[in-house]
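Biologist: Please take a close look at one helix of this model and at how its residues are divided between interior and surface. A connected account would be appreciated.

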Amino acid sequence: MFQNSHSRLVAISDGVFAVVLTLMVLDIDVPERITWATMSATGWKVLLYMISFGVVAQYWIYHQELFHAIKEPIIQLLVYNFIYLGFICLTPFATSFLSDHPREQAGALMFAGVIFLVDAVQFILFRLVIRAGGGRAQLTPHDQEEYRGAATMLIISGVYIVIGLILPQWLLLVIVLGLFGRTVQTHLWRRWAARHGQ
């Protein structure tokens, strides 16, 4: 009679993602005067927004794949999903903080720390879903690829924290390379699986 609803979990999650993606763009102010300095500042905010948008969009893609096959989520999944969404909601704040302190260690660490927390909880969610589905032996090649991707993202986000500590001015470039690397990893894995009939 009483069951956890998959549709409501997905609905609240999609709503949070939509709000987060929208809030980040609100930090970009239209300059009152057009000068090189104001255009440079605006360009920096637009670049940071695009990178943050890519990071959050990547999380949405993983989230929808993660919960696609779950019909009745267990309470642990619901709790960790809300923790996950809570950290996703910090992304606009971290983006704004980095925007205001672009070359400072504090700004880089705030941004990298939020990404790391999201990736850590995402990895826990993957493990919970795998356990609920019968363990790793039940994973399809596609599922194994997604799980491997989540683990890779967690490792890469640890690198972001190290970069934020020692080379904060290079953090955004490393994040872009991380997003690109994850895409290349997926592409190479799919080509390998197709070639080997998996």
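Modeller: Helices (H or I, at least four residues) and strands (E, at least two) are DSSP runs, numbered from the N terminus. The model is predicted: local features need pLDDT of at least 70, side-chain atom pairs count only at pLDDT 80 or more, and totals for chains, interfaces and linings use all residues. Residues are numbered from 1 along each chain as its sequence is written, and side-chain values use heavy atoms, with hydrogens and water left out.

Leu 173 lies in helix H7, as does Leu 172. Buried means under 20% relative accessible area, exposed over 50%, and partly exposed in between (1.4 Å probe, protein chains only). Leu 172 is therefore buried, its relative accessible area being 10%, whereas Leu 173, at 43%, counts as partly exposed.

With neighbours within four places in sequence left aside, Leu 172 is in contact (heavy atoms within 4.5 Å) with Trp 44, Leu 48, Ile 51, Leu 98 and Phe 111. On the same basis, Leu 171 is in contact with Ala 108, Phe 111, Ala 112, Tyr 160, Ile 163 and Gly 164.

On the surface, Leu 173 belongs to a nonpolar patch with Val 162, Leu 165, Ile 166, Leu 167, Trp 170 and Leu 177, with about 670 Å² of accessible area together (Shrake-Rupley method, 1.4 Å probe; for residues, only the protein chains shown count as cover). Patches comprise residues with over 30% relative accessible area and no salt bridge (a side-chain nitrogen of Lys or Arg within 4 Å of a carboxyl oxygen of Asp or Glu); like charges are joined within 9 Å, and nonpolar side chains (Val, Leu, Ile, Met, Phe, Trp, Tyr) within 5 Å. H6 and H7 each supply at least two residues of the patch, and the largest share, three residues, comes from H6.
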